[in-house]
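Trainee: Please give me a close look at the ligand surroundings. I would also like the empty spaces covered afterwards.

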Amino acid sequence: MSSNKNKVACPMDCYDACQGQMYDGNIKGSKENFVTNGKLCVNFANLLKEENLQNSLFQGKTISLDESLNILLDKLKSTTPAKTLFYTGSGNLGLMQSSTKKFFTQYGSTLTKGSLCDGGGGAGIKAGRQNVINPPIQKLIDADIIIVWGRNFSVTSSHMYNLVKDKTFVTIDPICTDIAKKSKIHMQNNPKTDYELALLFTRFAHMQDLEDRDFIEEFGTGADWFFDISRNRPVVSYEATTGVPLSQVNDFFDLIEGKKVAIMLGLGVQKYFEGAQIMRCIDSFAAYMGYHKQDAGGVWYLSDSAYGYKKQFEIKGSNKKVSVAKTDFASFDLVFIQGGNPAVSAPNSAKVKEGLKKSFVVYFGTTLNDTCEYADLIIPSSSFLSKKDVRLSYGHEFKAISEVVVPKNENSISEYELANYLLEKFNFDKLKDEDEVISYYANHKPDLKDFDTFEFIEEVEIEPLYKDKTSDNFYFITAKSKNSLNSQFAKDDFVYLHSSTNFKDNDNVTISSKYGSAKFIVKINDDIKSDCVFLFAGNKNANYLTPFDEDESSNSAMYQEVLVEIELS
Ligand SMILES: Nc1nc2c(c(=O)[nH]1)N[C@H]1C(S)=C(S)[C@@H](COP(=O)(O)OP(=O)(O)OC[C@H]3O[C@@H](n4cnc5c(=O)[nH]c(N)nc54)[C@H](O)[C@@H]3O)O[C@H]1N2
Ligand SMILES: Nc1nc2c(c(=O)[nH]1)N[C@H]1C(S)=C(S)[C@@H](COP(=O)(O)OP(=O)(O)OC[C@H]3O[C@@H](n4cnc5c(=O)[nH]c(N)nc54)[C@H](O)[C@@H]3O)O[C@H]1N2
Ligand code: SF4
Ligand SMILES: [Mo]
C-alpha cells in the first residue's frame, strides 16, 4: 500500500498524531493506525478547509516567491546575525520542520529556549526520573482506573480516549469538563493546589498502608523526606485550601485500593511559576504508590516524543538563546517566525505586538494569521499535503507518515527546501537527503529505557495563588477547545463565568490583571468553578492578561500565574 503514496500525517500539535490516507481525493483516518482507528477529527476537517497563503507578500504587496527569497537573503546578509531571531511555533509538528533551524544556527541567529506548552511539567518529571517517557498505550488499556489530572482528556486526545472510554474515571480539574461529567469522582479543586492534593493523597496512602514499599526500596531515593513534607500540616487544613472535601478523598481511596491505576496528566497542573515542583509532587505520589513499574497503569504526560532518536538536522552552535516566554521582539533587527502565531499564543499580547511592530518581521507559514499583521515579509510554506514528513506523538508510541498527495503550489516552499536554499546561498553544507531523513525516522525504533532510580521531591517551596485571592478577584483559566487547535480555527473570544458571579450572558466586561486588560463578552456556564474566569486557548484577547515572564525552572510560559478582576464596561 505504501507504494501508492497516499499517506497523510495530521501535522497539528495534538497528542493523537493521527494517520490519514487519501483515497479517491478524500482523506480518511487510517484503520491500520491503532490510535487513529479509522477516524479523524473536526480540526482535521477544518485544516483541509483552510485558505492557505497563495503568494508571498512584501509590505502588503503580492510578489513572487523568488523575489521574497531575495529580500530574505538581502536582509540576512545585511543584518548582524545575533540581531536576528529564529522563532518557531508548533503549527506543524512534522520532524522536517526543524530543517530550517540548521541554517539559522549556523548563520548565528539568536534562538529561543523553553516552551509555551509543557515545559514546566516536563522539567518536574525529569527531575524525578531523568526522562519524560510515556508507558506503552497497552498499559493504559489494561488499567482499571484512570485519573485524569489537569487534562481535558476526551477533547485534547479524543482518539486515545476512545481506546479506554468505558473505564472508571476520576477527574481532578477546577472545570467540570466533559470527562469530569463522565467520572465517578470529580474533585473540583482550586487552581494551583494540585501539589497540596498530591501531598494529602500521600498522607492518606500512608495512613492506609497503601504505599508500595518494594518500589520505594528498589528504585526510590528521598521517599522519607517526601512523606515528611506531607506530614507537616494537619490533614483537615487541606480541605479549605484545595477546596476538596476529605470525604471525597476517602471515596477516592476506596475506589483505587488494590486497582491498576493510570494517571493522565495534562497542562493544567503546571501553568504556574512552580509548575515543575507541582508536577514532581504528583509524580512522587504516583511513585509512592508504585504506579510507575506495574504491568498495567502508569503515568502519562506530554512525552519527549523524539527521545531515543538521533536528531537528523542537528548542528552544534554557540548561539545566544532567549526565553520564549518573554521574547523581546523589539530587541532584534530581523525576526523570522515559522509556524507560530505569537500575536495570539505567546504570553502578554501587548508586549508581543509592541515588539513585533519595532522589528522587521518575516513570517513563514501556511495561513494569513494574526501575526502576519505585523510581518513585513510573508513567505508561504507548502501545505502538509505536499510535503514528505514523519510525525511522532507525545501521547503514545505510534508514528504517522506523510507522503506527497497533492502537487505543491509553485508559489510556496517547504521548510526543507527553504533550509537548503539558504544553506546553499551562504555556502554552508546542505541538508542530508530528504528521503534518507524520512526513512530514518520512519524505521528507527527508539530504545525507551525505563528509569533505574526515582528521586522523590524532598523540598517544596510553592507560593499558592489563594494567598492573594480575595472575594473580588478570580483565578484565570485557559484551556483547549474541541473546535480549534490552539489559535488555528479559533473563533470563540468569549469569557465564561459561573452564574453566581451575577454577570449575565452578553454582558460587556473589562477583565484586568496586573499585566494588562482586555474587553470580553460574557457567556454564563455553570461548568466553570464560581471563582474562576475561563477562556479558550486561542481566544484573541486572552493573552493580554498573562505574565510576560517565565516559570522558575524551564524558561516556559506560566499562563495561569495570575489573578484577574472583572468590571462591567
Ligand atoms: N481539540 C484540541 N486538541 C488539542 C489542542 C487544541 O487546541 N484543541 N491543543 C494541543 C496542545 S498544543 C496541547 S499542549 C494539548 C494540551 O491538552 P491538555 O493537557 O488537556 O491541556 P489544556 O486543555 O490546556 O488544560 C487541561 C485541563 O486543565 C484544567 N486546569 C486548569 N488549571 C488547573 C489546575 O490548576 N489544576 C488542575 N487539576 N487542572 C487545571 C483545565 O480546566 C483543563 O480542563 O492538547 C492538544 N490537543
Ligand atoms: N493563554 C494561553 N495561551 C496559550 C496556551 C494556553 O493554554 N493558554 N497554550 C499554549 C500552547 S500549549 C501552545 S502549544 C502554543 C501554540 O502556539 P503556536 O505555536 O503559536 O500555535 P498556533 O497559534 O496554533 O499557530 C500555528 C501557526 O502555524 C502555521 N502553520 C501551520 N502549518 C504550518 C506548516 O506546515 N508550516 C509552517 N511554516 N507554518 C504552519 C499556521 O499558519 C498557524 O497560524 O500556544 C500557547 N498559548
Ligand atoms: S485528533 Fe489531533 S492528530 Fe488526530 S486528526 Fe484531530 S488534530 Fe489531528
Ligand atoms: Mo501545546
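Mentor: Start with a term. A polar contact is a pair of N or O atoms within 3.5 Å. Keep in mind that this is a predicted model; no distance here comes from an experiment.

Take ligand 1 and its contacts. The backbone of Gly-150 places an N or O atom 3.2 Å from an oxygen atom of ligand 1. That distance lies within 3.5 Å, so the pair counts as a polar contact. Asn-486 also uses a backbone N or O atom, which sits 2.7 Å from an oxygen atom of ligand 1. Tyr-272 works through its side chain: a polar atom there lies 2.7 Å from an oxygen atom of the ligand. On its own, ligand 1 has 910 Å² of accessible area, and the protein covers 99% of that.

Now widen the view to the whole shell. There are 37 residues around ligand 1. Tyr-15, Asp-173, Asp-194, Ser-484 and Asn-486 are the closest. Asn-486 is thus on that list and in a backbone contact. By class, the shell splits into 17 nonpolar, twelve polar and eight charged residues. Two elements each give at least two residues: helix 6, at 153–156, and strand 21, at 474–479. Two domains each give at least three: domain 2 (119–301) and domain 3 (468–568).

Ligand 2 comes next. Here we have three side-chain contacts to look at. Asn-92 has a polar side-chain atom 2.9 Å from an oxygen atom of ligand 2. The other two go to nitrogen. A polar side-chain atom of Thr-478 lies 2.9 Å from a nitrogen atom of the ligand. For Asn-543, a polar side-chain atom is 2.8 Å from a nitrogen atom of ligand 2. The protein covers 96% of the 930 Å² of accessible area that this ligand has on its own.

Which residues are closest to ligand 2? They are Ser-90, Asn-341, Ser-345, Thr-367 and Ser-487, out of 33 that surround the ligand. By class, the shell has 20 polar, eight nonpolar and five charged residues. Strand 16, residues 360–365, gives the most to this shell, with three residues. Domain 1 (50–115 + 310–381 + 398–443) and domain 3 (468–568) each supply at least three. Domain 3 therefore serves the shells of both ligand 1 and ligand 2, given its share of at least three residues in each.

Ligand 3 has a short list. Cys-10, Met-12, Cys-14, Asp-16, Ala-17, Cys-18, Leu-40, Cys-41, Phe-44 and His-159 surround it. Eight of these count as nonpolar, one as polar and one as charged.

Now for the spaces without a ligand named. The whole structure holds two cavities of 30 Å³ or more. The largest takes up about 50 Å³. Its lining includes Ala-9, Cys-10, Pro-11, Asn-92 and Gly-94, along with Phe-384, Lys-387, Asp-389, Arg-391 and Ser-402. By class, that is four nonpolar, three polar and three charged residues. Two names return here. Cys-10 lines this cavity and also sits around ligand 3. Asn-92 lines the cavity too, while its side chain contacts ligand 2.

The second largest cavity has about 30 Å³. Val-324, Ala-325, Lys-326, Thr-327, Phe-329, Ala-346, Pro-347, Val-352 and Phe-548 line it. Seven of them are nonpolar, one is polar and one is charged.

Last, an open space. The second largest pocket holds about 730 Å³. Its lining has 33 residues, and Ile-133, Asn-134, Tyr-307, Glu-397 and Leu-448 lie nearest its centre. By class, the lining has 13 nonpolar, eleven polar and nine charged residues. Strand 13 (298–300) and helix 18 (434–443) each contribute at least two. Domain 1 (50–115 + 310–381 + 398–443) and domain 2 (119–301) each contribute at least three. So domain 2 has a part in this pocket lining as well as in the shell around ligand 1, by its assigned bounds.

Definitions and conventions. Residues numbered from 1 in each chain as written. Chains lettered and ligands numbered in written order. Predicted model: local features only at pLDDT ≥ 70, side-chain atom pairs only at ≥ 80, totals over all residues. Heavy atoms only, no water. Near = heavy atom within 4 Å. Polar contact = N/O pair within 3.5 Å; in protein donor to acceptor, adjacent residues only side chain to side chain. Areas by Shrake-Rupley, 256 points an atom, 1.4 Å probe, with all protein chains shown as cover. Helix = DSSP H or I, 4+ residues; strand = E, 2+ residues; numbered from the N terminus. Nonpolar A, V, L, I, M, F, W, Y, C, P; charged D, E, K, R; others polar. 1 Å grid on protein atoms, 1.4 Å probe; cavity = no way out; pocket = protein on both sides within 12 Å on 5 of 7 lines; lining within 4 Å. Points joined across faces, edges and corners; volume = space filled by probe spheres on them.
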